[in-house]
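Welcome, and thanks for taking a look at this one with us. Here is a short briefing on the open and enclosed spaces in the protein, with a few words on its overall build.

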Amino acid sequence: MPDSHTAAQQPLAAKSPYELRVNLGKDVPESDVRTALATGDMGFLHSFTTGSTVDGPGVRVVAWTTGCMFRCLYCHNPDTWTMSNGIPVTIAKAVSELRKYRRGLKVMSGGFTLSGGEPLMQHRFAVKLLTAAKTMGIHTALDTNGIYGDRVSDAELEAIDLVLLDIKTWDPERHRKLTGMDNGPTLEFARRLAARKRPVSLRFVLVPGLTDDQEDIAQIARFVAGLGNVERVDVLPFHQMGRFKWKNLGIPYTLEGAEPPSNELVEKTCAVFRTEGLKVY
Ligand code: SF4
């Protein structure tokens with residue numbers, strides 16, 4: 001792919017994690033998009049940031065891809081749902097950007113995290129970028145909802161040092177209402193990662209009234225504890241930081257009046273995971 005597709009006017013670095021970005025890749029011809037997806041020579045990135053301490057161990061460089069099949073009611077980045085909202089970036093450009101941070105990341109025991117959106121919507125680009133990072137000696141993490149886990153081969157999984165796996169909720173019907181999709185593929189990916197002994201961090205977003213059913217959480221905790229490869233659980237309290245994006249994008253938002261979980265509810269939820277012997281943060 002020619003670098004002329006790298007929407008030059010728009011910096012990859014976002015002003016904040018909540019910067020609204022739309023239509024940055026809309027001028028890329030459809031045929032180029034198809035080639036990009038098939039080869040992984042070009043990807044669409046919402047943004048790129050340095051210095052994150054919440055997306056894996058140590059200090060991280062994070063690239064957020066665009067494109068996601070889920071429609072989580074609580075999503076705080078709905079501008080990442082559509083691939084063409086992202087900046088088209090060649091794999092060569094993405095790798096050279098990452099190379100700049102290689103030494104610093106080592107010194108800070110950090111690494112590179114690919115997040116989204118759902119990075120495996122662009123699985124060839126994702127695998128190429130993670131493999132390049134790993135080859136440079138950078139610790140790699142993939143933040144994923146797992147639905148396209150079967151797109152990554154066993155050999156390609158070796159390029160991912162840590163999977164940050166989102167399990168949204170356990171009950172299949174509740175999951176469909178929450179995300180619009182089944183959770184079967186996510187759970188299957190979790191089982192496969194366990195069978196391959198690949199390290200996993202579980203990420204669970206706690207939303208009062210949507211994901212706080214204690215029996216549902218207990219089912220997730222039992223499942224995750226039984227896998228044997230889950231190193232930690234992060235309970236992430238719902239917040240309203242992305243509400244303005246829904247409004248600006250003209251997407252009906254059903255959580256307008258929703259409150260973040262109370263400290264008591266967060267603690268109660270963490271306790272459910274701890275009861276199963278999991279490390280919770
Ligand atoms: S999986 Fe992530 S990016 Fe996709 S809709 Fe859900 S919260 Fe948003």
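Which residues line the largest cavity? In this predicted model, the lining is made up of Leu-165, Ile-167, Ala-190, Val-200, Leu-202, Val-224, Leu-227, Asn-229 and Val-230. Two elements, S7 and helix H8 (214–227), each give two or more residues to that lining. The notes below begin with this cavity, then turn to the largest pocket, the ligand and the fold as a whole.

**The cavity**

- Searching the whole structure turns up one cavity of 30 Å³ or more.
- The space inside the largest cavity comes to about 40 Å³.
- Sorted by class, its lining holds eight nonpolar residues and one polar residue, with no charged residues.

**The largest pocket**

- The largest pocket offers about 1200 Å³ of space.
- It is lined by 46 residues, and those closest to its centre are Asp-55, His-76, Asp-143, Arg-203 and Leu-236.
- Strands S1 (42–52), S5 (139–144), S6 (162–166), S7 (200–206) and S8 (230–237) are the elements that each supply two or more residues to this lining.
- S8 makes the largest contribution to the lining, with five residues.
- The class make-up of the pocket lining is 18 nonpolar, 17 polar and eleven charged residues.
- Strand S7 is worth a second look, as it gives two or more residues to the lining of the largest pocket and also two or more to the lining of the largest cavity.

**The ligand**

- Where does the ligand sit? The space it takes is the largest pocket.
- Around the ligand are Cys-68, Phe-70, Cys-72, Cys-75, Thr-80, Trp-81, Gly-117, Asn-145 and Lys-168.
- By class, this shell divides into five nonpolar residues, three polar residues and one charged residue.

**The overall fold**

- The protein is built with ten helices and eight strands.
- Its radius of gyration is 18 Å, close to the 19 Å that the globule rule gives for 281 residues, so the protein is as compact as a globular protein of that length.
- Taken along the principal axes, the box filled by the C-alpha atoms is roughly 50 × 40 × 30 Å.
- Of the 281 residues, 52% count as buried.

Technical notes
Residues numbered from 1 in each chain as written. Predicted model: local features only at pLDDT ≥ 70, side-chain atom pairs only at ≥ 80, totals over all residues. Heavy atoms only, no water. 1 Å grid on protein atoms, 1.4 Å probe; cavity = no way out; pocket = protein on both sides within 12 Å on 5 of 7 lines; lining within 4 Å. Points joined across faces, edges and corners; volume = space filled by probe spheres on them. Helix = DSSP H or I, 4+ residues; strand = E, 2+ residues; numbered from the N terminus. Nonpolar A, V, L, I, M, F, W, Y, C, P; charged D, E, K, R; others polar. Near = heavy atom within 4 Å. Sits in = over half its atoms within 2 Å of the grid points. Rg over C-alpha atoms; globule rule 2.2 N^0.38 Å. Buried < 20%, exposed > 50% of the residue type's maximum accessible area, 1.4 Å probe, protein only.
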